[in-house]
Amino acid sequence: MVHHPAPESIYSRPIKSKEHASDVARLEIMIRYGGMYFDLDVVVVKPFTDLFQYETTLGREGGEGIGNGIIISHCSSIFLWLWYISYQHFNDSKWNEQSIEFTHKLDKMYPGLVHVEEKSLQYPRSPYLKFIYGEGMFHEWKTKNYAIHLYYRQYNKEHNPEDIKHLNTTMGQIFRYTYYGTSDFVT
């Protein structure tokens with residue numbers, strides 16, 4: 001774990017939104033140290049060993065975006081540096097623009113600098129969150145994902161060890177697997 005104070009500015013431009021402050025901080029940390037970054041609502045399913053061969057790995061976030069809720073990178077990654085430098089021109093009121101849309105544009109401008117996992121890191125994602133939270137709608141997360149980003153802020157419901165025993169959703173499976181060691185219903 002790396003402690004890093006929330007940046008208040010970048011390139012003499014004030015950062016007002018907490019989302020941008022978090023985005024900038026994670027880039028600064030990842031550029032300096034490398035490693036793995038996960039949003040708090042990410043559940044790791046299997047080892048990332050296959051992804052370490054790439055200088056930087058991110059997951060697809062929608063058709064025209066690359067997410068930053070999961071970052072796997074070597075230190076001093078060229079892709080991360082270019083992304084960081086782009087904050088000279090960011091719009092603090094448009095979070096998606098810098099954090100998701102620009103990464104896609106950067107990948108198109110400089111192909112090969114980032115490895116993008118299409119469906120194993122950020123998937124299911126909007127509009128497919130029904131495969132995480134929909135009753136009786138399941139995603140094959142154990143075989144298809146390295147990690148799952150739950151986008152929990154969009155779900156916004158509390159659960160406990162008792163009610164997850166019979167939660168008939170992918171999230172229920174994941175929670176049971178994490179808490180009880182099995183994704184099956186628990187009696």
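Axes are lines fitted to C-alpha atoms, for helices over the stretch in contact, and angles run from 0 to 180 degrees between N-to-C directions. The exercises below concern a predicted model.

**Exercise 1. Describe how helices α1 and α3 meet.**

Step 1. Begin with the axes: those of α1 and α3 come within 9 Å, and they cross at roughly 35 degrees.

Step 2. Identify the residues. From α1, Glu19, His20 and Asp23 take part, and they meet Trp95, Gln98 and Ser99 of α3.

Step 3. Sort these residues by character. The contact of α1 with α3 comprises 1 nonpolar, 3 polar and 2 charged residues.

**Exercise 2. Determine the strand order of the sheet and find its edges.**

Step 1. The open sheet is formed by 4 strands, in the order β3-β6-β5-β7, with mixed pairing.

Step 2. The edge strands are β3 (35-38) and β7 (115-117); each has a single partner strand, so one side of each is left without a neighbour in the sheet.

Step 3. From one strand to the next, the twist averages 15 degrees.

Step 4. Examine one pair. Strand β5 (residues 56-59) pairs with β7 in the parallel sense, over 3 bridges. Thr57 has His115 in β7 as its bridge partner.

**Exercise 3. Place helices α1 and α2 relative to the sheet.**

Step 1. Helix α1 (residues 18-33) lies across β3 and β6 (70-73), and runs at about 165 degrees to β3.

Step 2. Helix α2 (residues 78-85) lies across β5 and β6, and its direction is at about 65 degrees to β5.

**Exercise 4. Decide whether His104 is buried or exposed, and list its contacts.**

Step 1. Locate the residue: His104 belongs to helix α3 (residues 95-109).

Step 2. Apply the cut-off, by which buried means under 20% relative accessible area. The relative accessible area of His104 is 8%, so His104 is buried.

Step 3. Set aside neighbours within four places in sequence; His104 is then in contact with Arg60, Gly63, Glu64, Gly65 and Ile66.

**Exercise 5. Characterise the nonpolar cores.**

Step 1. Recall the general tendency: in soluble globular proteins, nonpolar side chains tend to be buried together.

Step 2. The largest nonpolar core has 20 residues, and those with the most contacts inside it are Ile10, Leu58, Phe79, Leu80, Trp83 and Tyr87.

Step 3. Each of α1, α2 and α3 supplies at least two residues of this core; α1 gives the most, with 5 residues.

Step 4. Consider Leu80. Apart from neighbours within four places in sequence, Leu80 is in contact with Leu27, Met30, Ile31, Thr56, Ile71 and Ser73.

Step 5. A second, separate core has 15 residues, including Leu129, Leu150, Ile174 and Phe175.

How values were computed: Residues numbered from 1 in each chain as written. Predicted model: local features only at pLDDT ≥ 70, side-chain atom pairs only at ≥ 80, totals over all residues. Heavy atoms only, no water. Pairing = 2+ DSSP bridges. Contact = heavy atoms within 4.5 Å. Buried < 20%, exposed > 50% of the residue type's maximum accessible area, 1.4 Å probe, protein only. Nonpolar A, V, L, I, M, F, W, Y, C, P; charged D, E, K, R; others polar. Core = buried A, V, L, I, M, F, W, Y, C linked by side-chain atoms within 4.5 Å.
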